Amino acid sequence: MSAMDYDAAVRCQAFQRSGYGAWTAVAPVTLNIDNGMSVSFRPGDSMGPGSTIGGVAVPIILDRHCGNM
């Protein structure tokens, strides 16, 4: 299974997307990914396009669920 195949519970209001595709947490949030992994973010934590956390492409998950906010 590739990183793009994972799905997650996403609180979109906890993230903000910049014009160049990076996502930044604006509130404390934990993503619970279907593979059993949880990823916690604090305000100010950022992920750029193409970055992965534990093999999961979190920016792609956010793009899929939250779009361009």
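These legends accompany three close-up views of a predicted model.

**View 1. The disulfide of Cys12 and Cys66**

Here we zoom in on the link between Cys12 and Cys66, whose sulfur atoms sit 2.1 Å apart. The model has 1 disulfide by the distance rule, and with -90° about the S-S bond, this link is left-handed. Cys12 belongs to the loop between strand S1 (8-9) and strand S2 (15-17), while Cys66 belongs to helix H1 (residues 58-66), so the bond ties together parts that are 54 residues apart in sequence. Have a look at the helix end of the link too: Cys66 has 14% relative accessibility and therefore counts as buried, the cut-off being under 20%.

**View 2. The largest nonpolar core**

This core holds 17 residues. To find your way around, start from Phe15, Trp23, Phe41, Met47, Val58 and Leu62, the members that touch the most others. Strand S3 (23-25), strand S4 (29-33), strand S5 (38-41) and H1 each give two or more residues to the core. The largest share, 4 residues, comes from H1.

**View 3. Gly50 and its neighbour in space, Gly21**

Our last stop is a loop: Gly50 is found between strand S6 (46-47) and H1. With a relative accessible area of 70%, Gly50 is exposed, because the threshold for that label is over 50%. Gly21 is 29 residues away from Gly50 in sequence, yet the two C-alpha atoms are 9.5 Å apart in space.

Technical notes
Residues are numbered from 1 along each chain as its sequence is written. This is a predicted model: local features need pLDDT of at least 70, side-chain atom pairs count only at pLDDT 80 or more; totals for chains, interfaces and linings use all residues. Side-chain values use heavy atoms; hydrogens and water are left out. A disulfide is a pair of cysteine sulfur atoms within 2.5 Å. Buried means under 20% relative accessible area, exposed over 50%, partly exposed in between (1.4 Å probe, protein chains only). A nonpolar core is a set of buried Ala, Val, Leu, Ile, Met, Phe, Trp, Tyr and Cys residues joined through side-chain atoms within 4.5 Å.
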